[in-house]
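Please examine the structure shown below together with its sequence. The text after it is meant to be read with both at hand.

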Amino acid sequence: MPAKSPVIVDLKFIPEEVEAALGGAFPDREVINRADPAQKDRDLSGIDYAVVWKSAPDLFSRAPDLKVVFSGGAGVDHVLTLPGLPNVPLVRFVDRTLTTRMSEWVVMQCLLHLRQHRAYEALAQKREWRDLIQPEAADVTVGIMGMGVLGQDAARKLATMGFKVVGWSRTKRAMEGMDTYGAADLDAFLARTDFLVGLLPLTAETKGIFNADLFAKLSRKGPLGAPVFINAGRGGSQVEADILECLDSGVLAAASLDVFEEEPLSPDSRFWTMPNVYVTPHVAASSDVRALFAHVEEQIARFESGLPLEHVVDRLAGY
């Protein structure tokens, strides 16, 4: 019986977390962790599988015989732009842990804005005991752009919290008990939206979609007087100069940003210090590395048994 192909791991995650997860992963095959200095000059030819997240630019030239590439996250735009990407199946990471983490972040941000948390933080700094007029979730319509697995789960959980929820995607996705919209109905969707949540993949169609023109079409009838922008999709989908301009002018009341046009976010960015902006470092849906490796093991087992891979990316669509 021929030896099983090793797996290349090229993940820009927390190194200690990757190392710990590898302790119980891929027990029947060798793992080549490119974060290990001992593997720096390793010959990567003849290897079938690679697990990548913001991998080294020389990976595909060094590993010319790959049969499947696995993304370390739900997004794949960082893989699609890597030099030398081979014409083999690209599999994105879909897992309960990733989905629930994203929903937790989205719900948390909506609640922080709803409950005027920054205003109360400012009052606490002054040791000022003062009640603010408090709307409830039912007073707010959250519009989610991007109704894939992550968007649908976030929509259900926001609805459970009492928010009104509407959804938009290029191809309309029906959800029971919820109004959803397709590409032609974007303006109607925006006109209903008080809190706009971005969960879109980055494609040619979505690049820069969150801009001043779009923000101007959002509802201004919500309880905060102006809309809130919350983005955990991709930084390339937002125009940050427009976000700043709209926050300064009052077109937007506030924002929560987990992703940025350039990452890491520059220490000089105004977003860090703005009192109406929450910044997190692209961690809304951080991958559970153990779950990632279990997912890869399952897909390799399917592939080697002659079964179709799951969650294969449509490269033309970009997701």
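The following paragraphs treat the sheet, then the salt bridges, and finally the cavity and a pocket.

The model is a predicted one. A suitable place to begin is the open sheet, in which seven strands follow the order β8-β7-β6-β9-β10-β11-β12 and pair in parallel. The edge positions belong to β8 (179-181) and β12; each has a single partner strand, so one side of each is left without a neighbour in the sheet. From one strand to the next, the twist averages 15 degrees. In general terms, the strands of a sheet pair through backbone hydrogen bonds, in either a parallel or an antiparallel manner. The pairing at one edge can be followed in detail: β11 (residues 254-257) is joined to β12 in the parallel sense over three bridges. Within this region, S256 stands opposite Y278 of β12.

Attention now turns to the charged side chains. Side chains of opposite charge can pair when their charged atoms come close. With a limit of 4 Å between a side-chain nitrogen of Lys or Arg and a carboxyl oxygen of Asp or Glu, the count comes to 20 salt bridges. One of them joins K4 to D28, with the closest N and O atoms 2.6 Å apart. This pair links distant parts of the chain, 24 residues apart: K4 belongs to the segment before β1 (7-11), whereas D28 lies in the loop between α1 (15-22) and β2 (31-33). How accessible are the two partners, K4 and D28? K4 has a relative accessible area of 37% and is therefore partly exposed, and D28, at 44% relative accessibility, also counts as partly exposed.

A second salt bridge connects D288 with R101, and here the closest N and O atoms are 3.7 Å apart. The pair again links distant parts of the chain, with the two positions 187 residues apart in numbering: D288 is in the loop between β12 (277-279) and α10 (289-304), and R101 is in helix α4 (residues 96-114). R101 is partly exposed, its relative accessible area being 30%.

The salt bridge between R118 and E121 lies within one helix. Its closest N and O atoms are 3.1 Å apart, and both residues belong to helix α5 (residues 117-125), where they are three residues apart, about one turn of the helix. R118 is partly exposed at a relative accessible area of 29%, as is E121 at 34%. Elsewhere, salt bridges that share partners join D10, K12, R34, D58 and R62 into one network.

The last topic is the space enclosed or bordered by the protein. The structure holds one cavity of 30 Å³ or more, and about 40 Å³ of space lies in the largest cavity. Its lining consists of D194, F195, S219, G222, P223, L224, G225, A226 and P227. By class, five of these residues are nonpolar, three are polar and one is charged.

The second largest pocket holds about 440 Å³ of space. Its lining comprises 18 residues, of which D77, H78, T81, L202 and R234 lie nearest its centre. Helix α3 (residues 77-80) supplies the largest share of this lining, three residues. By class, the lining of the second largest pocket has six nonpolar, six polar and six charged residues.

Key:
Residues are numbered from 1 along each chain as its sequence is written. This is a predicted model: local features need pLDDT of at least 70, side-chain atom pairs count only at pLDDT 80 or more; totals for chains, interfaces and linings use all residues. Side-chain values use heavy atoms; hydrogens and water are left out. Helices (H or I, at least four residues) and strands (E, at least two) are DSSP runs, numbered from the N terminus. Buried means under 20% relative accessible area, exposed over 50%, partly exposed in between (1.4 Å probe, protein chains only). On a 1 Å grid over the protein atoms alone, a cavity is a set of points where a 1.4 Å probe fits but cannot get out, and a pocket is an open set with protein on both sides within 12 Å along at least five of seven lines; lining residues have an atom within 4 Å of a point. Grid points are joined across faces, edges and corners, and a volume is the space filled by probe spheres set on the points. Ala, Val, Leu, Ile, Met, Phe, Trp, Tyr, Cys and Pro count as nonpolar, Asp, Glu, Lys and Arg as charged, and the others, Gly among them, as polar. Two strands pair if DSSP finds at least two bridges between them. Axes are lines fitted to C-alpha atoms, for helices over the stretch in contact, and angles run from 0 to 180 degrees between N-to-C directions.
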